[in-house]
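Grab a pencil and have a look at the protein below. Then try each exercise yourself before reading its solution.

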Amino acid sequence: MLPENQQQLCDADADQLTSLTREQLKELETKEKTAKEKILEGITIAMPVICGLIAILEYTQIPDKSKNVHPERYFYLLCLSIAAYVVYFIIALVRKRAGVNATYERVHYKAPLFAGLFVFLAFYDYMTLKTGILTQPFVPCMNSIINAFCKDYMMLLDCTLNTLKLLLLGYSAGVFLGLITGITCGYSKKVRYWIDPIIKFLGPIPTSTWIPVTMVIASSLFGGAVFIIALGAWFAVTVASMTGISNVDKDFFEAARTLGASERQLVFRVAIPHAMPSILQGCTQGMSSSCVALIIAEMLGVKSGLGWYMTWQTGWASYDKTFAALFVICFIFTMVTKGLEKIKRHVLRWQNGAEK
């Protein structure tokens, strides 16, 4: 037995370790960096600025092989991108000196990606505008894409709003119905007996296959597109929810029944929480299927949205506007995916330890 004062000190140390966050514990475990490691870290963080300057020099110093209207726009974009990274680094440095290292570590981790992006932009500009190896206007240079966006931004904004409206309606309907179907089938074997054959029948068929049929049968093109998008999300969420509910340990249900839990409590307090990782994974997969179905539906039938805009501009050989819409689509879908990932990390934060 330890003396009482030593026991109190041990208990205090244990409480202090328990109260430390994961970030603080990581700092305690991190070894002091050597001079070589510090130099390499500095070079890594400086690489985006260096590569950005290389991209600027490539754009301004190498003569253009084809006509380039408003050349200053791409130059301003490169300068703003470098300035944004420098501001991001300064904020990270200030937070690090204040004792918060997460932002600085994020900058250090993403610096090679930012540097690679500038290298890609320089290479792409060289292959299109400077040499013509990638023939214009079929493969427009970055400045042409920026000019197209500046010229037709109102139309792109309207199409973007229509695309988001269609995506949110279809995806929300698909997720809602998928949760009902998947949770019911996963919890009730009787319901699963009737629904499972339908899922197995529809599952192997790509969502895009239903577009021509749906566009003919549906009373409106918009309603048909919503149905196609919802179908893709419904299948992914249904399968994931059903699998997650079915894999919940039966001992949890028996323990809850012993404590007097009702059937409703078994579903909402036991089954769904334990199946949440699988359900959220299905929601992410459903968004991917919905995005693919959305663009195909817009290209084939719907008279609005970014997919329709790309088809329309391609028909008029306005490839710079087509690429501008493509960049907008990539940006939107990236933001939507990141939003879903943040929701997933927040809901499942218990997997990595509860936040203090």
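Here are four exercises on this predicted model, each with a worked solution.

**Exercise 1. Find out how the span of helix α14 compares with the expected one.**

Step 1: Locate the helix. α14 covers residues 319-347, which is 29 residues.

Step 2: Get the expected span. At 1.5 Å a residue, you'd expect 42 Å.

Step 3: Compare. From its first C-alpha to its last, α14 reaches 42 Å, close to that expectation.

Step 4: Look at its buried residues. Among them are A324, V328, I332, F333 and L340, and K321 and K344 are on that list as well.

**Exercise 2. Work out which helix gives the largest share of the lining of the second largest pocket.**

Step 1: Get a feel for the space. The second largest pocket holds about 1000 Å³. It is lined by 29 residues, and L77, S81, L117, F327 and F331 are the closest to its centre.

Step 2: List the candidates. α4 (72-97), α5 (102-130), α6 (142-151), α7 (153-187) and α14 each supply at least two lining residues.

Step 3: Pick the winner. That's α14, with 8 residues.

Step 4: Sort the lining by class. You get 23 nonpolar, 3 polar and 3 charged residues.

**Exercise 3. Explain why the salt bridge between K130 and D64 ties together parts that are apart in sequence.**

Step 1: Recall the basic idea. Side chains of opposite charge can pair when their charged atoms come close.

Step 2: Check the distance. The closest N and O atoms of K130 and D64 are 2.5 Å apart, and the cut-off is 4 Å.

Step 3: Place both residues. K130 sits in helix α5, while D64 is in the loop between α3 (35-61) and α4, so the pair links parts 66 residues apart in sequence.

Step 4: Are they buried or exposed? K130 has a relative accessible area of 7%, so call K130 buried. D64 comes in at 36%, so D64 is partly exposed.

**Exercise 4. Describe where the salt bridges D196–K200 and R257–E254 lie.**

Step 1: Take D196 and K200, whose closest N and O atoms are 3.2 Å apart. Both lie in helix α8 (residues 189-202), 4 residues apart, or about one turn.

Step 2: Check their surroundings. D196 is buried at 16%, whereas K200 is exposed at 60%.

Step 3: Now R257 and E254, which meet at 3.6 Å, N to O. Both belong to helix α11 (residues 250-258), 3 residues apart, again about one turn.

Step 4: R257, at 38%, is partly exposed, and E254, at 47%, is partly exposed too.

Key: Residues numbered from 1 in each chain as written. Predicted model: local features only at pLDDT ≥ 70, side-chain atom pairs only at ≥ 80, totals over all residues. Heavy atoms only, no water. Expected span 1.5 Å × (residues − 1). Buried < 20%, exposed > 50% of the residue type's maximum accessible area, 1.4 Å probe, protein only. 1 Å grid on protein atoms, 1.4 Å probe; cavity = no way out; pocket = protein on both sides within 12 Å on 5 of 7 lines; lining within 4 Å. Points joined across faces, edges and corners; volume = space filled by probe spheres on them. Nonpolar A, V, L, I, M, F, W, Y, C, P; charged D, E, K, R; others polar. Salt bridge = Lys/Arg side-chain N within 4 Å of Asp/Glu carboxyl O.
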